[in-house]
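Here is a short briefing to read alongside the structure. Have the 3D view open, and we will go through a pocket, a surface patch and a few residues together.

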Amino acid sequence: MILPNWAVPALLKVMRANRAFVTSAGAEQRIAEREIRPRSFAPPRLRSDVRVSVDRRTGWPVYTVAPVTATPVGSVVYAHGGGWVNEIAGPHWRLIADIAADARTTVIVPIYPLIPFGSALEVRDGVVELAMQAAHDHGSVVLAGDSAGGQIVLSAAFELRDRGVVSPRTIVISPALDLTWSNPRIPDVQPSDPWLAVPGGKVLADAWRGDLPLTDPAVSPLFGDFSDLGPLDVYTGVRDVLNPDAHVLVERAAAAGVDVTLHERAGQVHVYPLLPTSIGRDARAEIVARVGEAVRSEEDRVPAE
């Protein structure tokens with residue numbers, strides 16, 4: 001079902017989608033709920049032209065989604081969003097399946113530990129190990145993630161670069177970038193955002209950082225060194241309190257010489273490419289195309305043995 005683009009903000013308000021963010025107490029309640037009753041991470045029934053397998057690496061369940069009708073080229077490590085406290089959900093899985101089938105690549109999906117069981121450094125390091133193995137096994141690895149997952153994969157990109165692995169493309173969708181929530185433009189955007197808010201965001205950030213300061217790049221990638229990163233795509237809607245930091249990210253990455261592209265949509269909310277709207281559908285198609293270009297350009301670059 002495709003919803004009218006204009007209906008999404010109103011629907012999010014009716015659903016009280018911001019209840020874990022609009023107050024500190026709401027975030028604390030969400031952490032307690034997920035600790036007592038974790039949600040399922042199992043994928044729903046996906047399109048018939050992908051196959052799904054699962055194993056345990058880094059101590060976590062790790063799913064692999066690959067095309068059935070084509071020989072996959074390269075790989076993608078996809079980290080899901082959810083405020084570091086909510087489990088992977090249907091919209092994530094559907095985008096993952098589209099990437100696998102239509103970009104004809106292997107998508108690796110870590111089910112990383114959430115708050116209160118996981119923390120930023122542990123998860124970043126686990127994703128780095130998965131990405132290094134994926135690059136070894138498949139020849140290249142694209143990094144992709146939304147919201148909290150965008151924070152994770154961008155933090156991982158710095159560490160991978162330092163270990164000599166540069167992704168041919170990193171794609172972040174409405175990424176969480178600065179967990180201090182200190183951008184002076186956030187209060188200007190907040191009244192228009194029906195989903196995220198600062199009070200709960202600060203509680204979740206403090207729980208996620210573990211023993212690290214909030215300004216450590218493993219927690220807040222906006223404070224990282226962007227030099228020598230591969231191409232970067234940033235998707236953001238203007239009705240998202242994370243949008244101001246997306247602009248700072250683009251400025252800092254460009255200043256460091258990164259090939260960075262900002263995909264910004266007026267009127268759109270947090271993680272709009274995952275939503276069942278025509279604009280979301282078009283953004284998903286664009287993401288799939290950019291993944292396909294990245295894995296095939298890397299294949300063409302590496303000489304055959």
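Let's begin with the lining of the largest pocket, whose residues divide into 25 nonpolar, nine polar and nine charged. Please keep in mind that this is a predicted model.

**The largest pocket**
- The space in the largest pocket comes to about 1100 Å³.
- Its lining is made up of 43 residues.
- If you would like to find the centre of this pocket, look for Ala89, Pro91, His92, Trp195 and Val271, the lining residues that lie nearest to it.
- Two or more lining residues come from each of the elements α1 (7-14), α2 (24-36), α3 (90-102) and α7 (198-208).
- Among these contributors, α3 gives the most, with five residues.

**A nonpolar patch on the surface**
- Leu11, Val14 and Met15 together form a nonpolar patch on the surface, and their accessible area adds up to about 310 Å².
- One of the three, Val14, belongs to helix α1.
- Val14 has a relative accessible area of 68%, so it counts as exposed, the cut-off being over 50%.

**A buried isoleucine**
- Ile111 sits in the loop that runs between β4 (106-110) and α4 (120-138).
- Is Ile111 buried or exposed? Its relative accessible area is 5%, and because buried means under 20%, Ile111 is buried.
- Along the chain, Ile111 and Trp6 are 105 residues apart, and 33 Å separates their C-alpha atoms.

Technical notes. Residues are numbered from 1 along each chain as its sequence is written. This is a predicted model: local features need pLDDT of at least 70, side-chain atom pairs count only at pLDDT 80 or more; totals for chains, interfaces and linings use all residues. Side-chain values use heavy atoms; hydrogens and water are left out. On a 1 Å grid over the protein atoms alone, a cavity is a set of points where a 1.4 Å probe fits but cannot get out, and a pocket is an open set with protein on both sides within 12 Å along at least five of seven lines; lining residues have an atom within 4 Å of a point. Grid points are joined across faces, edges and corners, and a volume is the space filled by probe spheres set on the points. Helices (H or I, at least four residues) and strands (E, at least two) are DSSP runs, numbered from the N terminus. Ala, Val, Leu, Ile, Met, Phe, Trp, Tyr, Cys and Pro count as nonpolar, Asp, Glu, Lys and Arg as charged, and the others, Gly among them, as polar. Patches are made of residues with over 30% relative accessible area and no salt bridge: like charges are joined within 9 Å, nonpolar side chains (Val, Leu, Ile, Met, Phe, Trp, Tyr) within 5 Å. Accessible areas come from the Shrake-Rupley method with a 1.4 Å probe; for residues, only the protein chains shown count as cover. A salt bridge is a side-chain nitrogen of Lys or Arg within 4 Å of a carboxyl oxygen of Asp or Glu. Buried means under 20% relative accessible area, exposed over 50%, partly exposed in between (1.4 Å probe, protein chains only).
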